[in-house]
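I wanted to go through this one properly and keep a record of what I looked up. My notes follow the order in which I checked things.

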Amino acid sequence: MGRIAGTRAEYALRDRALAAFPLAADSLKGEIEKQRMIPLVLARDGAVQEMLRSPSTANEAALDEKLRAIARDAGSSILYIINPEGVAVAASNAGEPTSFVGSDYRFRHYFTEAMADGAAMQYALGTVSARPGLYLSSRVDGPEGPLGVVVVKVELDRVELRWLESGFVVFTTDERGVVLATSVPQWRFGALSPLSAKEKQTARDRLQLPGVTFEPVPLPAAATTWSPQLLRVDQPVSLRFRRISAKQFRAGACRCSSPPTPRSPRRS
């Protein structure tokens, strides 16, 4: 009976994970798609183009206020404009102690790649705030060539909170298996499996995190493959893990429950 009850509980947990995952993935995708439109639209905005063509104090003040209003209405963390030299010339946080105006972003992938390719996306820690977020950028084009880049930073706190409230642990990874957005903050920038020295250096360069060691997150070895399976690990808590692939992000869902007792090791 104990084995049957345990099997039923595992099936129920699997079904819950299968039902919860699309909601978790959709909440992330919806937030990204909403924010992605902002730099795309602003890259064609006359005030943005004018500021990049003819910088002036008056133009900056008006554009700062416009960016501030857009960021507030859209729930964006920060919205800013970078000139072709990589220097921010307007920002939604202008006038604040953490203002981006005047900061040099030539080293950021979201700037160099947008200037080269027209658009870019990078997950990284903020150089000023040290807070993680997703940076979405679009190039501003003029008749003579690129004028600069519009960037929106999206801090995914609300998405991660919804994941946490679902009762499952949800996370996204990059192509090397480094955890990015997650409902377990201590897993962020950990790795699903040990990385080689070369992989670590590649990850540091891409994420621009020179001091991070990418320690493995506490998952069983079998959970680091992307096959649909339900796993259980007897650690300080019993961890059941449902792995499901996503189209836009590789992601997983797991649930922590009370530890099994010695008399019923399969009990949920």
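**Entry 1: what covers H4.** I began with the buried side of H4 and asked what lies over it. The cover of its buried residues includes S1, strand S3 (119-125), S4, S5 and helix H6 (197-207). The buried residues I noted in H4 are His109, Tyr110, Phe111, Ala114 and Met115. Just past the end of H4, Gly118 has a positive phi of about 105°. A reminder to myself: this is a predicted model, and I read everything below in that light.

**Entry 2: the rings.** How many aromatic pairs does the structure hold? I get seven. I looked up Tyr80 with Tyr110, and this pair is edge-to-face, with 6.4 Å from centre to centre and 80° between the planes. Tyr80 sits in strand S1 (residues 78-82) and Tyr110 in helix H4 (residues 109-117), so the pair links distant parts of the chain, 30 residues apart. Is Tyr80 buried or exposed? Tyr80 counts as buried, because its relative accessibility is 0%. Tyr110 also comes out at 0% relative accessibility, and therefore counts as buried.

Next I took Tyr110 with Tyr135. This pair is stacked, at 4.7 Å centre to centre and with 10° between the planes. Tyr110 belongs to helix H4 and Tyr135 to strand S4 (residues 132-142), so the pair ties together parts 25 residues apart in sequence. Both Tyr110 and Tyr135 are buried. Following the ring pairs onward, I find a cluster made of Tyr80, Phe100, Tyr105, Tyr110 and Tyr135. There is a charge to note as well: Arg108 lies over the face of Tyr135, 5.5 Å from the ring centre.

**Entry 3: the two hairpins.** Back to S1, to see what it pairs with. S1 and strand S2 (residues 88-91) run antiparallel and are joined by three bridges. Which residue of S2 is the bridge partner of Tyr80? I find Ala91 there. The two strands make a hairpin with five residues between them, and Gly86 in its turn has a positive phi of about 95°.

S3 and S4 got the same treatment. They run antiparallel too, with seven bridges between them. Ala124 has Gly133 of S4 as its bridge partner. S3 and S4 form a hairpin with six residues between them, and in this turn the residue with a positive phi is Ala130, at about 60°.

**Entry 4: a lysine in S5.** Lys153 caught my eye in strand S5 (residues 145-154). Is Lys153 buried or exposed? With a relative accessible area of 1%, Lys153 is buried. I then looked for a polar partner of its side chain, and a contact of 3.3 Å joins it to the side chain of Ser129. Leaving out residues up to four places away in sequence, Lys153 touches a list of residues that includes Ser76, Ser77, Ile78, Arg131, Pro132 and Leu134. Gly126, Ser129, Gly133 and Tyr135 are also among the residues that Lys153 touches. I had already met Tyr135 in the ring cluster.

**Entry 5: the two sides of H5.** Which residues are buried in helix H5 (residues 157-165)? I noted Val159, Glu160 and Trp163. Why do I put them on the same side of H5? They cover an arc of only 95° around the axis, and so they share one side of the helix. Leu164 and Glu165 are exposed, on the other side of H5. Just after H5, Gly167 takes a positive phi of about 90°.

**Entry 6: Ala47.** I also checked a spot in helix H2 (residues 46-53), where Ala47 is placed. Its relative accessibility is 37%, so I have Ala47 down as partly exposed. Apart from neighbours within four places in sequence, Ala47 is in contact with Leu63 and Lys66. I also looked up its C-alpha distance to Ala62, which comes to 8.5 Å for a separation of 15 residues along the chain.

**Entry 7: whole-chain numbers.** Last, the totals. The chain has six helices and ten strands. Of its 268 residues, 46% count as buried. Among the contacts in the chain with a separation of 6 or more, residues 24 or more positions apart account for 50%.

Technical notes: Residues numbered from 1 in each chain as written. Predicted model: local features only at pLDDT ≥ 70, side-chain atom pairs only at ≥ 80, totals over all residues. Heavy atoms only, no water. Phe/Tyr/Trp six-rings, centres within 6.5 Å; stacked < 30°, edge-to-face > 60°. Helix = DSSP H or I, 4+ residues; strand = E, 2+ residues; numbered from the N terminus. Buried < 20%, exposed > 50% of the residue type's maximum accessible area, 1.4 Å probe, protein only. Lys NZ or Arg CZ within 6 Å of the ring centre and 35° of its normal. Arc of directions from axis to C-beta. Polar contact = N/O pair within 3.5 Å; in protein donor to acceptor, adjacent residues only side chain to side chain. Contact = heavy atoms within 4.5 Å. Pairing = 2+ DSSP bridges.
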